[in-house]
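Please walk me through this protein model, starting from one of its strands and moving outward to the domains, the ligand surroundings and the unusual backbone geometry. I would like the terms explained as they come up.

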Amino acid sequence: MVLSTAVLAATVLGAGLAGAAAPADTVVAVAMGLAPVQAVPTNLVGFSIEVPDATEMIGKSPDPPRLALVNLIRGLHHSELQAPTVVRAGGNSADESVWNPDHQALPPQYKITYNITAADLKSYQGFGNAMGGRTAFVPDLSFIRGHDFAWPAAEALAINNSISWSYIHAVSIGNECDLFAQNGLRKPDYDYSQYKAEFEAAAAAITAAGLPAKTIRGATWCCFQGTFNEAAFADYASSQAALLRDISYHRYPLSHCDGHTTTLEDLLAPEASSGQADKMRPFSEGAAAAGVPFVIGESNSVACGGQEGVSDVLGSALWALDFLFEMASINASMVNFHGGPRGIYPPIKFANTSAGMPPTVQPLYYAMRVFSEVTAAESRLLSVNVTQTTNSQVRVWALQGVGKTVFVVIHKDPSAAGPAAVSLSKLETSEPDTAQLGTLSAPGGATAKSGLVWVGLTWDGTTDGTPSGQRTTTSVKRSAAGTFDFSVEPASVAVLWA
Ligand SMILES: *[C@@H]1O[C@H](CO)[C@@H](O)[C@H](O)[C@H]1NC(C)=O
Ligand SMILES: *[C@@H]1O[C@H](CO)[C@@H](O)[C@H](O)[C@H]1NC(C)=O
Ligand SMILES: *[C@@H]1O[C@H](CO)[C@@H](O)[C@H](O)[C@H]1NC(C)=O
Ligand SMILES: *[C@@H]1O[C@H](CO)[C@@H](O)[C@H](O)[C@H]1NC(C)=O
Ligand SMILES: *[C@@H]1O[C@H](CO)[C@@H](O)[C@H](O)[C@H]1NC(C)=O
């Protein structure tokens, strides 16, 4: 059913929105056909944790696997058909961590800050068991030595001999190697061609240690450095495709590095979501041309640990949800959010990492939860035509799941004077006459660090990672004009299952 804008607008204005404050904004959107994008992977949301921190998060042997984290990851699974959630163990610490189970003396010229031992690998295996195989790790191996790959080969062999490969999504080699010329891990003239030769030698060494076919996460670049450009990425993807499970670029829209500060307004601006998709699109296209899945292997709101009041508030969840849709819209297969158990920006924190201590579930986790729920079935993005809007910071996404259309409205303008009157429809209507509406919000608004509630559920005060509250949605009846009309508060998310 095609309705004219005038008819739709009249419907909204006439709807009355009983009990709600006068709408400050009006948004009318129509879901069209399928967007030209791959199906959204059911495990698009994932985690990234520094190497020494990873075992603290999952529970370090001889401590048992951490039940709260098991439950929180299970909270991202809504169907037995969902692929395992990926937990990457990497970051700058990857190059500084070596498999050194017997605490051998190491060459002093290399900065090694963590010895990986049998207890680490036992912890991964134990966590994989506790998850019933519903997680898979990406251990990031050390690439600190450029002409000797015995260290990553030894770790790969240790993994082969102590962890089920079904619990390993891939291994990667080095972290943000495009920065090696700047950060002193290589000589100042280090470029893509030198990197490529080293990568090939390292890949051969770890393959000989028992790595199964296509079990490498490639690249792990981050920062648009010199010769490590889009063309190099495409060359890498096509020349190494036979080795690669996927290929990774890291992306943070904002930075707190070197004393730089940022604001929540910056995080909610289009540059931090659609602007990032524009930057990543050429890399994704290069990967696609080689048939290699493209992943954002490390991400979060604000690089260098996050910023208080920006990375740890409801606003960061609004950003993250929009960012996840933007990344899905350029065919990213995964986004691994970085951090934990400490710091400002992680989705999940532990103030005390002793066994059995409670987690702090941060706003970012709620975004991961909402995204995983709306994309749990084989779902495809629909093209959305926003035919009328008074506020472009109210974002509308639509998904076609199995027998269901799902609309996601993200109100990213906390300064709006009142709720937005939203009117949604689908070009070819096959939805039922009644849809279910669920929301994510917090009484404290965009700057709330706690008090978040998603469809009646909160993880505030959880001890074991399960939420409290009753799952609550409300019914919305289709109007005579064929639209679903409802209001969306500033700094909230509304999901309509039609
Ligand atoms: C995403 O994948 C679809 C389907 O394979 C393709 O048509 C589209 O060009 C891809 N987009 C990008 C940005 O790679
Ligand atoms: C790693 O083991 C070596 C050899 O025992 C030791 O010298 C070094 O301090 C250890 N490193 C860390 C960070 O514990
Ligand atoms: C890797 O593990 C498998 C199964 O445990 C074993 O058969 C194989 O010999 C191992 N590979 C190496 C290189 O040790
Ligand atoms: C962490 O919890 C353990 C177990 O309850 C306790 O013994 C320890 O003192 C706590 N550590 C801190 C820093 O509070
Ligand atoms: C989107 O809606 C506008 C306003 O109704 C209309 O003019 C335009 O043709 C629509 N775009 C598409 C792609 O259908």
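Strand S2 (residues 45–49) is mostly covered, with 5 of its 5 residues buried; a residue is called buried if 20 or more other C-beta atoms lie within 10 Å of its own, exposed if 12 or fewer, and partly exposed in between, with C-beta atoms placed from the backbone. Helices (H or I, at least four residues) and strands (E, at least two) are DSSP runs, numbered from the N terminus. This is a predicted model, in which local features need pLDDT of at least 70 and side-chain atom pairs count only at pLDDT 80 or more, while totals for chains, interfaces and linings use all residues. Residues are numbered from 1 along each chain as its sequence is written, and chains are lettered from A and ligands numbered from 1 in the order in which they are written.

In a regular strand the side chains alternate between the two faces of the sheet. In S2, Val45, Phe47 and Ile49 are on one side and Gly46 and Ser48 on the other, and both faces are covered. S2 pairs with strand S13 (residues 332–338) in the parallel sense over 4 bridges, where strands count as paired if DSSP finds at least two bridges between them; Val45 stands opposite Val335 in S13. S2 is also joined by 3 bridges to strand S3 (residues 85–89), again running parallel, and here Phe47 stands opposite Val87.

Helix H6 (residues 150–162) can be checked against its expected span, which is 1.5 Å times one less than its number of residues: its 13 residues should span 18 Å, and the end C-alpha atoms are 18 Å apart, which agrees. The buried residues of H6 include Trp151, Glu155 and Ile159, and the buried residues of this helix pack against elements including helix H5 (118–130), strand S6 (135–141) and helix H8 (192–208).

On a broader scale, the domain assignment, which is automatic or comes from a database, gives domain 1 (5–38 + 378–497) and domain 2 (45–374). Their C-alpha centres lie 32 Å apart, and the contact takes 31 residues from each of the two domains, contact being counted where C-beta atoms, placed from the backbone, lie within 7 Å. The side of domain 1 that touches domain 2 has 19 nonpolar, 8 polar and 4 charged residues; Ala, Val, Leu, Ile, Met, Phe, Trp, Tyr, Cys and Pro count as nonpolar, Asp, Glu, Lys and Arg as charged, and the others, Gly among them, as polar.

Which domains contribute to the shell around ligand 1? Domain 1 and domain 2 each give at least three residues to this shell. Among the residues around ligand 1 are Gln38, Arg281, Glu285 and Asn331, a residue being near if its C-beta atom, placed from the backbone, lies within 6 Å of the molecule. Asn331 is found in the loop between helix H12 (314–329) and S13, and Asn331 is buried, with 20 other C-beta atoms within 10 Å.

Most residues other than glycine have a negative phi, and most peptide bonds are trans. Asn331 has a positive phi near 70°, and His103, one of the residues surrounding ligand 2, has a positive phi of about 50°. His103 counts as exposed because it has 8 C-beta neighbours inside 10 Å. Cis peptide bonds join Ser61 to Pro62, with omega about 15°, and Gly340 to Pro341, with omega near 0°.
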